[in-house]
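Hi,

Here is the model I promised to pass along. Have a look at it first, and my notes on what turned up follow underneath.

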Amino acid sequence: MEITLREASENYLETILRLEDENRSVRSIDVATAMEVSRPSVNKAIGVLKKAEMVEQQPYGRIILTEKGRCKAMEVTHRHKLLKGFLINILKVEEPTADNEACRMEHVISDDTLNKLAKFVESLSSAEEK
């Protein structure tokens, strides 16, 4: 059974991926600190992600993304970077606002719209190079 993740769960995946990239070993306290949430909130979110087979964690152990979780985290991160880049570079939105709004948009934009946005940005980049 496929579990549909909510925005918060996707944000946890994105944070775990970023922390893994920074230091390879991710603990609940690291996630709590990075996201500015409580450890009980992290534990609850990790429980949801474990049920969805996105992470593995032994009791009080480090958090590890599964292949499925890594793919989803990379997808969310890609969406965030594309949207943030568009907001900053094309629309000239200030970085903090662009980051905040990209984070919200990444969870609701359809694949079709995202693909069209990527092609649009690519076409602008190609036009600028000429």
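Reading along the sequence, the protein chain runs α-α-α-β-β-α-α-α, which makes 6 helices and 2 strands. Keep in mind that this is a predicted model.

Some overall numbers to start with. The C-alpha trace spans about 55 × 30 × 25 Å along its principal axes. The protein chain has 130 residues, and 35% of them count as buried. If you take contacts between residues at least 6 apart in sequence, 55% of them join residues at least 24 apart. The accessible surface comes to about 8,600 Å², with 51% of it belonging to carbon and sulfur atoms. On the charge side, there are 20 positive and 23 negative side chains, and the centres of the two sets lie 4 Å apart.

Now the salt bridges, where I spent much of my time. In general, side chains of opposite charge can pair when their charged atoms come close. The count here comes to 10 salt bridges. Which residues are linked in a network of salt bridges? They are E10, K72, E75, R79 and D111. Here are the pairs I looked at within that group:

- E10 and K72: the closest N and O atoms are 3.4 Å apart. This pair links distant parts of the chain, with E10 in helix α1 (residues 7-23) and K72 in helix α4, 62 residues apart.
- K72 and E75: K72 also forms a salt bridge with E75, at 3.5 Å between the closest N and O atoms. Both residues lie in helix α4, 3 residues apart, or about one turn of the helix.
- D111 and R79: these side chains meet in a salt bridge at 2.1 Å, N to O. D111 lies in helix α6 (residues 111-129) and R79 in helix α4, so the pair ties together parts that are 32 residues apart in sequence.

Are the members of this network buried or exposed? E10 counts as buried because its relative accessibility is 9%, under the 20% cut-off. R79 is buried too, with a relative accessible area of 6%. E75, with a relative accessible area of 34%, is partly exposed.

Next, the surface. I90, L91 and F120 make a nonpolar surface patch of about 250 Å². L91 sits in the loop between α4 (67-90) and α5 (95-105). At 47% relative accessibility, L91 counts as partly exposed, because exposed would need over 50%.

That loop has another entry in my notes. K92 also lies in the loop between α4 and α5, and K92 has a positive phi of about 60° although it is not a glycine. With a relative accessible area of 62%, K92 is exposed.

There is a second backbone case to look at. E36 has a positive phi of about 55°, and E36 is not a glycine either. You will find E36 in the loop between α2 (28-35) and α3 (39-51). E36 counts as exposed, at 75% relative accessibility.

V37 lies in that loop between α2 and α3 as well. V37 is partly exposed, with a relative accessible area of 29%. What is V37 in contact with, leaving aside its neighbours within four places in sequence? The answer is Y12, A32 and V42. As for longer distances, V37 and K84 are 47 residues apart in sequence and 23 Å apart in space, C-alpha to C-alpha.

Last, the loop between the strands. R62 is found between β1 (55-56) and β2 (64-65), and R62 is partly exposed, with a relative accessible area of 43%. Leaving aside neighbours within four places in sequence, R62 is in contact with R24, S25, V26, E56 and Q57. The C-alpha atoms of R62 and E7 are separated by 23 Å, and these two residues are 55 residues apart along the chain.

If you open just one part of the model, I would go to the salt-bridge network of E10, K72, E75, R79 and D111.

Cheers

Technical notes. Residues are numbered from 1 along each chain as its sequence is written. This is a predicted model: local features need pLDDT of at least 70, side-chain atom pairs count only at pLDDT 80 or more; totals for chains, interfaces and linings use all residues. Side-chain values use heavy atoms; hydrogens and water are left out. Helices (H or I, at least four residues) and strands (E, at least two) are DSSP runs, numbered from the N terminus. Buried means under 20% relative accessible area, exposed over 50%, partly exposed in between (1.4 Å probe, protein chains only). Contact means heavy atoms within 4.5 Å. Accessible areas come from the Shrake-Rupley method with a 1.4 Å probe; for residues, only the protein chains shown count as cover. Lys and Arg count as positive and Asp and Glu as negative; His and the chain ends are not counted. The place of a charge is taken as NZ of Lys, CZ of Arg, CG of Asp or CD of Glu. Patches are made of residues with over 30% relative accessible area and no salt bridge: like charges are joined within 9 Å, nonpolar side chains (Val, Leu, Ile, Met, Phe, Trp, Tyr) within 5 Å. A salt bridge is a side-chain nitrogen of Lys or Arg within 4 Å of a carboxyl oxygen of Asp or Glu.
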